Structure formats: structure tokens, C-alpha cells
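Please work through the exercises below with the sequence and the model side by side, trying each task before reading its solution.

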Amino acid sequence: GIVLGVCSGYFGGIVDNIITAIVDILLAFPGLLLAIVIISILGNGVTNTMFTITLYSIPKCARLVRSSVMSVKSREYVQACHTMGASNFSIIVRHIIPNVVSVIIVDFTLALGYAILTASALSFLGIGVQPPNPEWGAMLNQAKDVLMKFPWASIVPGVGITLVVLGFSLLGDGIRDALDPKLKNK
């Protein structure tokens, strides 16, 4: 998603149109529904679940990075580098990426939390990671049968999911605060 977003935002024109069209097609499908379809085709398992979650996370990341790159690309120092004859690769690596890294990190940490929620949902539905592999969604699925007698069987994995997702969200926010040059001046 990062590579697609940088290429689309920086080069524009036909490259942007093609990448945006592909991203829009992938965004047309709800993430969980797309994950269910892909898992149904590929089969259950840890690798297929990770591949599926990665695949449907690409479009959102690409759109976010594209918009950030387009914003940075229009700045005067990037245009000055162009005028001085710097290569596209040099401009991207030295000026564009460092200025959008905070957006990428925040998106990555939020995407990790969302990936955990999606993997848990797929396992809860019985199409993601299957027992004996440990997975919180599968634990919740098994706990629903004994919920009245042993409520902690569902509370523990549910709290685990919540804390990890919250932790990734707070980590991303903290890293963004540390890396964002606009916030350092305050």
C-alpha cells in the first residue's frame, strides 16, 4: 500500500489513474466480506488469514499515503529539488517519505489493531485460524457454549483483544506525537 500510494501520489497522470482505479475496485467491497470470500477460496489457516488481511488492508493504506504524498509534493522545497535536477528516487527517499512517515506509522498501528479484530472475527466465524492454534476469536467461539457456567472463558479473550487493539492505537498515537515536526514546536 505504501509503494502504491507513493507512486500514485508522486508521479500522477496515468500511473495515478491506474493505481486509483485498482484501489477503488478493492475499496468497493467491505473488508470483512472480502476476507470471507478470499478465505473461502484459499482455505483456513494462519498463512491464508494473514494474506487475506494484508490484501484487503492495501487500498486504505494506498489512499492515505497517496493523499499525504500529494500534499508534500506540492511544497516548495520538493519543487526546488526538481529544479536543481535531483532524481525522482532521491526526492522520494530524502524528502517525501520522511515527511509522510508519521502518517504511515499511525496507519500501520491502527491497521494492526484492525487486523487483530478481523482475524478474531474470522476465527469466531470458524473460517480463520482453527484450533489447536491459539486465537482469540476461536477461544470466544468455544466459550459461547459454556457462557452461562463459565463467563470468564469469554471475558479473558475479549479483554485480551481489547487491550492489544487499544495498545496498538496508543502506540501509534505516541509515535506520531514523537515524530511529527509540527507537534515538536509546541
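Two exercises follow, one on the fold and one on the largest pocket.

This is a predicted model, in which local features need pLDDT of at least 70 and side-chain atom pairs count only at pLDDT 80 or more, while totals for chains, interfaces and linings use all residues. Residues are numbered from 1 along each chain as its sequence is written, and side-chain values use heavy atoms, leaving out hydrogens and water.

**Exercise 1.** Describe the elements of the protein and its overall extent.

Step 1: Counting helices (DSSP runs of H or I, at least four residues) and strands (runs of E, at least two), one finds 9 helices and 0 strands.

Step 2: Along its principal axes, the C-alpha trace spans about 70 × 40 × 20 Å.

Step 3: Of the 186 residues, 31% count as buried, a term that stands for under 20% relative accessible area with a 1.4 Å probe and protein chains only.

**Exercise 2.** Which elements give two or more residues to the lining of the largest pocket?

Step 1: A pocket is an open set of points on a 1 Å grid over the protein atoms alone, where a 1.4 Å probe fits, with protein on both sides within 12 Å along at least five of seven lines, and its lining residues have an atom within 4 Å of a point.

Step 2: The largest pocket holds about 440 Å³ of space, and of its 21 lining residues, the closest to the centre are Thr54, Ser57, Phe108, Ala111 and Leu112.

Step 3: The elements sought are helix 4 (46-73) and helix 6 (88-124), with helix 4 giving the most, 9 residues.

Conventions:
Points joined across faces, edges and corners; volume = space filled by probe spheres on them. Buried < 20%, exposed > 50% of the residue type's maximum accessible area, 1.4 Å probe, protein only.
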